[in-house]
Amino acid sequence: MLKAENVTKQYGSQTAVNGVSLELEDNAVTVIVGESGSGKSTLARILSLIEKPDSGRILLGDAEADRRYAKSNRRLVQLVMQNAASSLDPHQMRR
Ligand SMILES: Nc1ncnc2c1ncn2[C@@H]1O[C@H](COP(=O)(O)OP(=O)(O)OP(=O)(O)O)[C@@H](O)[C@H]1O
Ligand SMILES: [Mg+2]
């Protein structure tokens, strides 16, 4: 289970993510909906341990996913960008 607790991220004076808490269950599909600029991609980068929140924390199971944790466990959380097929190796997909 991947959990966000009160996650906040600012870019200058722009608040991108404002106190988001959520739980992503294993083997479940969770959809985050919001207008353009509402912070979906920023939240996704934070959940993927690519980016650090200004405040709040990310937990993987019971462990806090801090910077050191992210370094050794980054593979546990993967971000698949839009047009996912172009991110994947076409040779692998043809098998
Ligand atoms: N690297 C960045 N530097 C500065 N501002 C950023 C950065 N990334 C996002 N922002 C700002 O943070 C806010 C949230 O942007 P974000 O891209 O997370 O929204 P989004 O919901 O993914 O939008 P879209 O639906 O258009 O993809 C916006 O105001 C955006 O301009
Ligand atoms: Mg986006």
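How far is a nitrogen atom of ligand 1 from an N or O atom in the side chain of arginine 45? The separation between the nitrogen atom of ligand 1 and the side-chain N or O atom of arginine 45 is 3.5 Å, where a polar contact is a pair of N or O atoms within 3.5 Å, and where, within protein, one must be able to donate a hydrogen and the other to accept it, residues adjacent in sequence counting only if both atoms are side-chain atoms. Taken alone, ligand 1 exposes 630 Å², of which the protein buries 58%, accessible areas being obtained by the Shrake-Rupley method with a 1.4 Å probe and, for residues, with only the protein chains shown counting as cover.

The model is predicted, and local features need pLDDT of at least 70 while side-chain atom pairs count only at pLDDT 80 or more, although totals for chains, interfaces and linings use all residues. Residues are numbered from 1 along each chain as its sequence is written, chains are lettered from A and ligands numbered from 1 in the order in which they are written, and side-chain values use heavy atoms, with hydrogens and water left out.

Two serines also approach ligand 1 through polar side-chain atoms: that of serine 36 lies 2.5 Å from an oxygen atom of the ligand, and that of serine 41 lies 2.9 Å from an oxygen atom of the ligand. The elements that give two or more residues to the surrounding shell are strand S2 (14-24) and helix H1 (40-47), helices (H or I, at least four residues) and strands (E, at least two) being DSSP runs numbered from the N terminus. Helix H1 gives the most, with 4 residues. The residues around ligand 1, among them Tyr11, Gln14, Glu35, Lys40 and Thr42, are those with a heavy atom within 4 Å of it. By class, the shell comprises 2 nonpolar, 7 polar and 3 charged residues, with Ala, Val, Leu, Ile, Met, Phe, Trp, Tyr, Cys and Pro counted as nonpolar, Asp, Glu, Lys and Arg as charged, and the others, Gly among them, as polar.

Within helix H1, the buried residues are Thr42, Leu43, Ile46 and Leu47, buried meaning under 20% relative accessible area, exposed over 50%, and partly exposed in between (1.4 Å probe, protein chains only). Seen down the axis of H1, these buried residues fall within an arc of 135°, so they line one face of the helix; the arc is that of the directions from the helix axis to the C-beta atoms. Their cover includes strand S1 (2-11), S2 and strand S3 (55-60). Threonine 42, with a relative accessible area of 8%, touches Lys9, Tyr11, Ala16 and Val17, residues up to four places away in sequence not being counted, and contact here means heavy atoms within 4.5 Å. Leucine 49, in the loop between H1 and S3, is likewise buried, with a relative accessible area of 8%, and has a positive phi near 65° although it is a residue other than glycine.

In strand S1, threonine 8 counts as buried at 17% relative accessibility, and its side chain reaches the backbone nitrogen of glycine 19 at 3.2 Å. Asparagine 6, also placed in strand S1, is partly exposed at 47% relative accessibility and has a positive phi of about 50° without being a glycine.
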